[in-house]
Amino acid sequence: MFLNTLTPKFYVALTGTSSLISGLILIFEWWYFRKYGTSFIEQVSVSHLRPLLGGVDSSSPSNSNTSNGDADSNRQSVSECKVWRNPLNLFRGAEYNRYTWVTGREPLTYYDMNLSAQDHQTFFTCDSDHLRPADAIMQKAWRERNPQARISAAHEALELEDCATAYILLAEEEATTIMEAERLFKQALKAGEGCYRRSQQLQHHGTQYEAQHRRDTNVLVYIKRRLAMCSRKLGRTREAVKMMRDLMKEFPLLSMFNIHENLLESLLELQNYADVQAVLAKYDDISLPKSATICYTAALLKARAVSDKFSPEAASRRGLSTAEMNAVEAIHRAVEFNPHVPK
């Protein structure tokens with residue numbers, strides 16, 4: 001009876017009001033995306049609504065700090081991550097800044113900076129930072145958005161003691177060359193190894209010490225991985241491969257840094273395709289999250305196996321062989337996963 005009493009004016013008013021609200025939301029979304037490089041609705045739904053509805057929060061420390069966790073649970077939680085980390089990321093000071101100097105444009109969006117800030121706070125801070133003055137300063141530094149303020153805080157922390165995370169920040173953001181970054185990472189390694197040994201002895205004395213040891217482990221692995229990347233960028237590729245292999249043997253469960261993808265990059269540079277295939281056989285697994293590195297490398301190897309004898313004319317007459325079909329499917333998978341990789 002209520003629906004029968006509604007007049008056409010009501011429907012006109014309802015349509016007009018909903019159109020006005022939709023238009024305002026569209027304008028706000030466009031403005032927010034232009035300013036911050038991400039969708040406001042998507043950010044709110046992923047960060048706030050999804051955890052309430054039972055989803056996995058991709059930025060929560062429980063997903064990231066898996067150094068002493070179970071491998072299967074780590075795989076399950078990692079596969080839920082909406083935006084997968086880029087393990088081949090460049091050095092912000094020595095490489096990203098070059099683009100800014102040449103073009104006058106910022107290569108990193110607000111969304112990129114926000115993701116890396118979340119990673120920094122997850123990997124390099126813990127609840128017991130207030131016990132060490134330098135770590136307390138660095139905890140604030142990782143949350144600071146102004147680059148100069150972060151760098152100043154890192155120098156302030158180094159005045160108090162040899163702080164590994166302070167060296168990391170300076171190597172990532174203040175160093176203007178890879179050689180300078182490597183020098184700072186070597187200083188960070190010396191400080192990080194000392195903290196790791198001390199926290200390793202106390203890790204079973206309570207949850208606070210376990211969290212501190214987990215943080216020190218993350219710091220040590222990050223430093224060693226970055227040193228290996230410096231070696232590769234400075235032409236010492238074989239040395240970089242050895243460092244990465246040793247690191248993967250020493251910390252087999254710490255897969256959040258995806259060191260195997262840096263290893264693939266180095267092995268491809270050396271053209272060690274047999275070793276590349278061995279790494280792919282281990283990590284191109286259906287239970288592990290995919291990445292552009294995995295997909296494109298798998299496509300490359302399958303294409304190399306058939307490209308020497310491939311003839312378009314012969315293929316059009318007899319059709320594609322099984323190996324050629326596998327190569328085509330691998331290329332399609334790679335492009336579908338990430339179409340933005342240069343052809």
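Helices and strands are taken here as DSSP runs, with at least four residues for a helix and at least two for a strand. By that definition, the chain in this predicted model has 18 helices and zero strands. Buried residues account for 39% of the 343 residues in the chain. The chain exposes about 20,200 Å², of which carbon and sulfur atoms supply 57%. Among contacts between residues at least 6 apart in sequence, 62% join residues at least 24 apart.

A good place to begin a tour of the interior is helix α10, which spans residues 164-174. Of its 11 residues, 10 are buried, so α10 is largely enclosed by the rest of the structure. The buried residues run through A164, T165, A166, Y167 and I168, and continue with L169, L170, A171, E172 and E173. Packed against these buried residues are α6 (92-103), α7 (110-124), α8 (133-143) and α9 (147-160), together with α11 (178-202) and α12.

One residue of α10, I168, also appears in the largest nonpolar core. That core holds 57 residues, and M138, I168, F185 and I223 touch the most other members. For I223, neighbours within four places in sequence can be set aside; the contacts then include A164 and I168, as well as F185, A188 and L189.

A second residue to look at on screen is L227, which lies in helix α12. L227 has a relative accessible area of 6% and therefore counts as buried, the cut-off being under 20%. Not counting residues up to four places away in sequence, L227 touches E182, F185, K186, L189 and M243. F185 and L189 are thus named among the contacts of L227 and among those of I223. L227 and L184 are 43 residues apart in sequence, and their C-alpha atoms are 9.7 Å apart in space.

Helix α13 gives a clear view of two sides. This helix covers residues 237-250, 14 residues in total, and reaches 20 Å from its first C-alpha to its last, close to the 20 Å expected at 1.5 Å a residue. Its buried residues are T237, A240, V241, M244, L247 and M248. Seen down the axis of α13, they fall within an arc of 130°, so they line one face of the helix. An α-helix has 3.6 residues a turn, so residues three or four places apart point the same way. On the other side of α13, R238, K242 and K249 are exposed. The buried residues of α13 pack against α12 (207-233), α14 (259-270) and α15 (273-283).

Between α14 and α15 runs a loop that contains Q271. Phi of Q271 is near 60°, a positive value in a residue other than glycine. Most residues other than glycine have a negative phi. With 53% relative accessibility, Q271 counts as exposed, because the cut-off for that class is over 50%.

The cysteines deserve a brief word as well. A search of the whole structure finds zero disulfides. C230 is buried, with a relative accessible area of 0%, and C295 also counts as buried, at 1% relative accessibility.

Terms used. Residues are numbered from 1 along each chain as its sequence is written. This is a predicted model: local features need pLDDT of at least 70, side-chain atom pairs count only at pLDDT 80 or more; totals for chains, interfaces and linings use all residues. Side-chain values use heavy atoms; hydrogens and water are left out. The expected span of a helix is 1.5 Å times one less than its number of residues. Buried means under 20% relative accessible area, exposed over 50%, partly exposed in between (1.4 Å probe, protein chains only). The arc is that of the directions from the helix axis to the C-beta atoms. Contact means heavy atoms within 4.5 Å. A nonpolar core is a set of buried Ala, Val, Leu, Ile, Met, Phe, Trp, Tyr and Cys residues joined through side-chain atoms within 4.5 Å. A disulfide is a pair of cysteine sulfur atoms within 2.5 Å. Accessible areas come from the Shrake-Rupley method with a 1.4 Å probe; for residues, only the protein chains shown count as cover.
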